[in-house]
Amino acid sequence: MTEEQREFQVGEEVESHVPTEAISHAPPQAPPGARRPEQEVLLQQLTKIFRQVAGVAQPVIVPPPALAPALARPPIDKLRKYGATEFKGRKEDDASAAEYWLQSTDRVLQQLQCSPEDSLVCAVSLLKEEAYQWWDTVAQTVQPIQRTWEFFLNEFRKRYVGDIYLEEIKREFIYLRQGRMTVVEYEREFIRLSRYAREIIPTEEAKCKRFEQGLNTEINMLLVALQIRDFSALVNATLNVEKVREEDQSRRQKSQQKRTHSQNQSQGQMIASHGSSKR
């Protein structure tokens with residue numbers, strides 16, 4: 001049915017509902033079947049109402065499709081600004097130099113909050129000369145899905161760090177003790193060395209137990225009973241224990257100094273009194 005036919009049908013329906021009194025009082029001069037102006041206005045208003053009630057479809061405004069967000073690019077241009085350096089993989093670069101480069105690069109990537117995927121892209125961008133040729137050869141031996149950040153770390157250490165150096169680091173972790181280090185210094189060293197001894201601390205619980213074992217006895221005794229098995233919570237608890245112990249030690253030192261000062265004053269007064277009695 002066309003729009004004109006629908007309007008005509010609605011108009012006829014409205015006209016059929018007009019009261020007979022309104023028709024009977026129509027001016028006699030109006031020709032048969034003709035509509036007066038007021039009837040025309042009324043019919044238009046009623047037609048509009050019937051359209052709304054009948055749910056006549058209105059044009060729907062479709063919003064334009066949202067633009068897809070642009071993919072973030074790895075922050076390669078910011079690496080050197082944050083202190084990252086190139087690695088060339090020359091023969092004179094020993095295992096400690098390679099490990100230092102890897103640690104410093106990883107620290108920069110963490111500061112930039114890089115994802116594992118971006119970390120791989122950024123680290124590879126720092127490889128030059130022989131080091132880049134090495135990675136290009138290794139990357140071609142595996143499928144793209146296998147070229148992950150973890151894969152890069154493992155392959156880099158195998159190539160430039162070596163098993164002997166890794167064994168030394170692992171042994172250093174096994175014998176690590178707090179000693180004269182603060183808790184912050186001990187935690188930093190623990191985290192650094194634990195990267196090479198994951199088979200020794202495969203779980204969070206094992207990591208916490210090993211951390212407790214390396215603490216000084218006076219701190220360890222206060223923490224073992226708590227049985228904290230979340231590493232972050234354990235470190236925070238250790239820092240609090242260290243702070244309390246330092247405050248207690250400071251109070252004792254001040255108290256000892258006061259007692260010593262008081263004793264010295266008493267001895268001085270006694271000597272002075274004894275000297276005056278002789279005179």
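The following paragraphs lead through a predicted model, from its overall make-up to two helix pairs and a surface patch.

The protein has 279 residues, of which 29% are buried. Its secondary structure consists of twelve helices and zero strands. Read from the N terminus, the order of elements is accordingly α-α-α-α-α-α-α-α-α-α-α-α.

Two pairs of helices illustrate the packing. Two packed helices are described by the angle between their axes and by the distance between those axes. The pair reached earlier along the chain is formed by helix H6 (residues 129–139) and helix H7 (residues 149–161), which pack at an angle of about 125° with axes 12 Å apart. H6 is therefore oblique to H7, because an angle of this kind lies outside the ranges for roughly parallel (under 35 degrees), roughly perpendicular (65 to 115) and roughly antiparallel (over 145). The crossing of H6 and H7 is right-handed.

The second pair is H9 and helix H10 (residues 204–214), with an angle of about 135° and an axis separation of 11 Å. This angle makes H9 oblique to H10. H9 and H10 likewise cross in a right-handed manner.

The loop that precedes H9 leads to the surface of the model. Tyrosine 175 lies in this loop, between helix H8 (163–174) and helix H9 (183–194). Is Tyrosine 175 buried or exposed? Its relative accessible area is 63%, and Tyrosine 175 is therefore exposed, the cut-off for that class being over 50%. Tyr175 also belongs to a nonpolar surface patch together with Ile174 and Ile200. Together, Ile174, Tyr175 and Ile200 have about 300 Å² of accessible area.

Note on methods:
Residues are numbered from 1 along each chain as its sequence is written. This is a predicted model: local features need pLDDT of at least 70, side-chain atom pairs count only at pLDDT 80 or more; totals for chains, interfaces and linings use all residues. Side-chain values use heavy atoms; hydrogens and water are left out. Patches are made of residues with over 30% relative accessible area and no salt bridge: like charges are joined within 9 Å, nonpolar side chains (Val, Leu, Ile, Met, Phe, Trp, Tyr) within 5 Å. Accessible areas come from the Shrake-Rupley method with a 1.4 Å probe; for residues, only the protein chains shown count as cover. A salt bridge is a side-chain nitrogen of Lys or Arg within 4 Å of a carboxyl oxygen of Asp or Glu. Helices (H or I, at least four residues) and strands (E, at least two) are DSSP runs, numbered from the N terminus. Buried means under 20% relative accessible area, exposed over 50%, partly exposed in between (1.4 Å probe, protein chains only). Axes are lines fitted to C-alpha atoms, for helices over the stretch in contact, and angles run from 0 to 180 degrees between N-to-C directions. A crossing is left-handed if the near helix is turned anticlockwise from the far one by less than a right angle, and right-handed if clockwise.
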